[in-house]
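Reader: Please take a close look at one part of this model, and then set that part in the context of the rest of the chain. I would like a connected account and not a list.

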Amino acid sequence: MSDFQELIKSFPKTREYVRDFFVYGFKTRNDFNEKSPRTYDNERRRLECWLSPFVRKDYASNGSNISLAIDSNLLDTNPLFQVWKTKSFTDNDIVLHFLILDLLQGGEAMTADEITDALITEYDVLFDIQAVRRKCNAYVKEGLLKKAKSGKTVTFSLDSSIALWINANNNILDALDFYQMAGNFGIIGNVLSEQFDHHNQSFRVKHSFFVHSLEDEVLLDLVDAMNKKESIQLEIQSPKQKGSSGKIKNTAVCVPLQIFISTRTGRRFLCGYVARNKRFTCFRLDAIKKATAIGQADRYDELSDKLNRNRQHLWGVSFQGETKRHLDRLTMTIQILEPSETYILNRLKNEGRGGTVTKIARNTYQYEVEVFDCNEMLPWIRTFIGRILSLECTAKSVERRFYQDLNTMYHLYREGETDGTIF
């Protein structure tokens, strides 16, 4: 307990533990076999410090486990924002933070030399000029200070334009409330609201994916690379796949083009062009540990246009295997009783993602579509079971899987009838 600190230096490591407890949960101490038990204990204590109202502890035969129980529609903010506000700092960091900002409150621009001298005369504290300059440059990068150069003279001033604008437009606080609940990088809206001692009392989100806040650091690097049309190198670690020495880690070089978000699960993906395979590939954001820009990308606009054309034949995020270059065609014949079941017909048209719906007989319709990977369609197709008259696919593995699943389900029901099980 003596070396445990609530504050952290490395966010990526803590992000993995928070995700494990929140997404997967119900893990005992022995389940975290990639790190030492001592590391697990420290991360668990941090989690309990940050998110104690939402920590649930259960007891099992092989030990206790904890998980996070967060109901988004009852909360006025994302509790996982707290994880972003716990970075460790030295005594000098905290002293310089308040004193530099206090010195520049009047709006006057000062050089690093002048700030160092003022720290002595105004506050009777002595700092090395290089330390002051590094801190000022760091705050310029963070957007807290503005930097100006006149000849060889470099000055720093407080960038208070945002605060003045918000003070003059109080209605913007409602926009910040909405943004922190609904948008990517919601932590920005949360921090700005807290600076003005304002709390969200207007908005609740019924289905919100709070855990995605943990990916925003990586997302920011990806969006920045897209804006600059740069190639990136990704460090990838699958949250599920494991080898003999722990989770499998890989690297990939790609041109980042778009961010896809699943309307069903909320999961986010980076879609990029991998030159080595000469094809588009999607990477789960929660599997990307780091994204590093490696220079300007060739043919960025051409690749972006090509992706937009290919998206017309994309059911989910899969472009199929590395060697496959053609589209799959799926044909489904379905029975729709008219006029009482026209809502089924509307579903086919609204959810069919570019497929065609043709009436081929009374109460009988045919749905056809061409996509890269028909495997992604199966969960949607199964929602029509009981109405499907036939299903054909050029990818015969998809066709076999559908009928095998149907046959398995049939036998399960027959067994239930035999032994008296009630389904």
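Author: A residue counts as buried when its relative accessible area is under 20%, and as exposed when that area is over 50%, with partly exposed in between. The model is predicted. Thr 364 has a relative accessibility of 14%, so it counts as buried. This threonine belongs to strand 13, which covers residues 364-371. Leaving aside residues up to four places away in sequence, Thr 364 touches Thr 333, Ile 334, Thr 358, Lys 359 and Leu 389.

The residue numbered 363 deserves attention too. Asn 363 sits in the loop between strand 12 (356-361) and strand 13. Asn 363 is not a glycine, yet its phi is positive, at about 65 degrees. With a relative accessibility of 11%, Asn 363 counts as buried because the limit is 20%.

A positive phi is also found at Phe 185, again not a glycine, where the value is about 60 degrees. Phe 185 is placed in the loop between helix 7 and helix 8. Its relative accessibility is 19%, so Phe 185 counts as buried under the 20% limit.

That loop leads to helix 8, residues 186-195, whose buried residues are Gly 186, Ile 187, Gly 189, Asn 190 and Ser 193. Viewed down the axis of helix 8, these buried residues fall within an arc of 160 degrees, so they line one face of the helix. They pack against helix 7 (172-182) and helix 9 (216-228). Just after helix 8, Asp 197 has a positive phi of about 50 degrees.

Helix 9, one of the packing partners of helix 8, has 13 residues and reaches 18 Å from its first C-alpha to its last, close to the 18 Å expected at 1.5 Å a residue. Its buried residues are Asp 216, Val 218, Leu 219, Leu 222, Ala 225 and Met 226. Lys 229 follows helix 9 and has a positive phi, near 55 degrees.

Helix 2 can be described in the same terms. Spanning residues 37-51, helix 2 has 15 residues and reaches 21 Å between its first and last C-alpha, close to the 21 Å expected at 1.5 Å a residue. Buried residues in helix 2 include Tyr 40, Leu 47, Trp 50 and Leu 51, and also the charged-group names Asp 41, Glu 43, Arg 44, Arg 45 and Arg 46.

Two further loops are worth a look. Gly 266 lies in the loop between strand 7 (246-261) and strand 8 (268-274), and its relative accessibility of 2% makes it buried. Gly 266 touches Phe 209, His 212 and Ile 261, not counting residues up to four places away in sequence. Gly 266 and Phe 209 are 57 residues apart in sequence and 6.6 Å apart in space, C-alpha to C-alpha. In the loop between strand 11 (328-335) and helix 11 (342-351) lies Pro 339, joined to Glu 338 by a cis peptide bond with omega of about 0 degrees.

On the surface, Phe 89, Ile 94, Val 95 and Phe 98 make a nonpolar patch of about 350 Å². Phe 89 lies in the loop between strand 3 (63-68) and helix 3 (91-103), and at 47% relative accessibility it counts as partly exposed.

As for the whole, the protein has 13 helices and 14 strands, and 40% of its 423 residues count as buried. Of the contacts with a separation of 6 or more, 61% are between residues 24 or more positions apart.

Terms used
Residues numbered from 1 in each chain as written. Predicted model: local features only at pLDDT ≥ 70, side-chain atom pairs only at ≥ 80, totals over all residues. Heavy atoms only, no water. Buried < 20%, exposed > 50% of the residue type's maximum accessible area, 1.4 Å probe, protein only. Helix = DSSP H or I, 4+ residues; strand = E, 2+ residues; numbered from the N terminus. Arc of directions from axis to C-beta. Contact = heavy atoms within 4.5 Å. Patch = residues over 30% accessible without salt bridge, like charges linked within 9 Å, V, L, I, M, F, W, Y side chains within 5 Å. Areas by Shrake-Rupley, 256 points an atom, 1.4 Å probe, with all protein chains shown as cover. Salt bridge = Lys/Arg side-chain N within 4 Å of Asp/Glu carboxyl O. Expected span 1.5 Å × (residues − 1).
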